[in-house]
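Reader: I am new to this structure and should like to understand the terms used to describe it. Please show it to me, and then explain how each label is reached.

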Amino acid sequence: STALTSGATHVLQWGVQNGVQPHPEFQNVLQHTALGGTQMRVGIPTEIKVQEFRVGITPAGVHALKEAGHTVLVQKGAGLGSMITDEEYVAAGAQMVATAKECWDCDMVVKVKEPLAPEYDLFHEGLILYTYLHLAPEPALTKALLEKKVIGIAYETVQFDNGFLPLLAPMSEVAGRMATQVGAQMLTKIEGGMGLLMGGTAGVQAAHVVILGAGTVGLSAAKVAMGMGARVTILDSNLFRLRQIDDLFGGRIQTLASNAFNIAAATKDADLLVGSVLIPGALTPKLVTEAMVKTMKPGSAIVDVAIDQGGCIEPTAKHGATYHDKPTFKYPVNGGEVVCYSVGNMPGAVARTSTFTLTNATMPYMVDLANKGWKKACQDDKALARGINTYDGKVYFKGVSDALGYELHCTCDILK
């Protein structure tokens, strides 16, 4: 790379001295290389999860990478689910390719959702995989990443010193808002609910929405529920956060300390129960037991947003993730059933909004990874370094090692 840097610098200097400008297509490449940067091939395969319509990059991201001297390969049709055409990618500087393999053969692959089994054989040693991974409940995926020595950088564990999760927050906001919308529909009679209008009417009580967790998902769900006129109760173990919500909404949201007694009482009274508990990168604790759910009213509804980390409500966790083509199942309670929704990629249903919201947050890190290489980018940014889940056949994130029994290694050893 030293020779490349020196050579690029020499070419630029010669051009200035002789009044010759490089072709515009190579100008940025030469300047980037002269500064000691890397040149990467970045692949964007089509998402293959059932009814997943998001895509890992927008034309703006392609343009940013191209301007920095990188090559971007986008699988044909990858953006159509988000209403982004191949022509838009080409105009931004991408090369369109026919197969996913061509994308996976690149130095870095940028996705939205965790790879599925058909993609495991496309992994190769030294690949930088930048996407949501959610490895704690995914032993087979974790094993494949380790066996192929993939550098797995997970959106969901990139974390600031104050605990904020900048790459998880955008989709948490979408999922939280959707949770209330979906729940309102589930409460209708045609969906198996009790036939309840969220906001009630004059003289008729509104629905009671109970939200477990006061993070980004929970707060987003609460905002929409309040806007629909529902009665809202939110539970969290962080009393400081509950005070913030109480102040923000002027006491219009009922806040409760999260403990087994309060969760049981709130669950019993809920018309809609939203699970939005998160421990970054780790399996979600099952805070609502089957016994608690059995006390719910027939025709009430559950939305477990935490299902992609294992779920925080026991019946949905045991059932597992559902898909957009069949998003709900019924759970028997005394005298009837509760309607349960546990789609693992909720934001995929509003793909265009989700794609642009997500890539606004992921793009700066993506460009850094390409420009500097993964190691230098992580050395320069502690938040990004926390995103490292796998490297050289080893696990570097505690939540994954705890859940799956792998030895935990420290990023301090590889980022010296």
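Reader: Why is Cys410 called partly exposed?

Author: In this predicted model, Cys410 has a relative accessibility of 37%. Buried means under 20% relative accessible area, exposed over 50%, and partly exposed in between (1.4 Å probe, protein chains only), so Cys410 counts as partly exposed. Residues are numbered from 1 along each chain as its sequence is written, and side-chain values use heavy atoms, with hydrogens and water left out. Local features need pLDDT of at least 70 and side-chain atom pairs count only at pLDDT 80 or more, while totals for chains, interfaces and linings use all residues.

Reader: What makes Cys410 and Cys412 a disulfide?

Author: Their sulfur atoms lie 2.4 Å apart, and a disulfide is a pair of cysteine sulfur atoms within 2.5 Å. The search of the whole structure finds one disulfide.

Reader: Why is the disulfide of Cys410 and Cys412 called right-handed or left-handed?

Author: The torsion about its S-S bond is about 135°, so the disulfide is right-handed. Its partner Cys412, with a relative accessible area of 44%, is partly exposed.

Reader: How do you know that Cys106 is in no disulfide?

Author: The nearest cysteine sulfur to that of Cys106 belongs to Cys103 and is 6.2 Å away. Cys106 has a relative accessible area of 1%, and is therefore buried.

Reader: What of Cys340?

Author: Cys340 is also in no disulfide, as the nearest cysteine sulfur, that of Cys312, is 12 Å away. Its relative accessibility is 0%, so Cys340 counts as buried.
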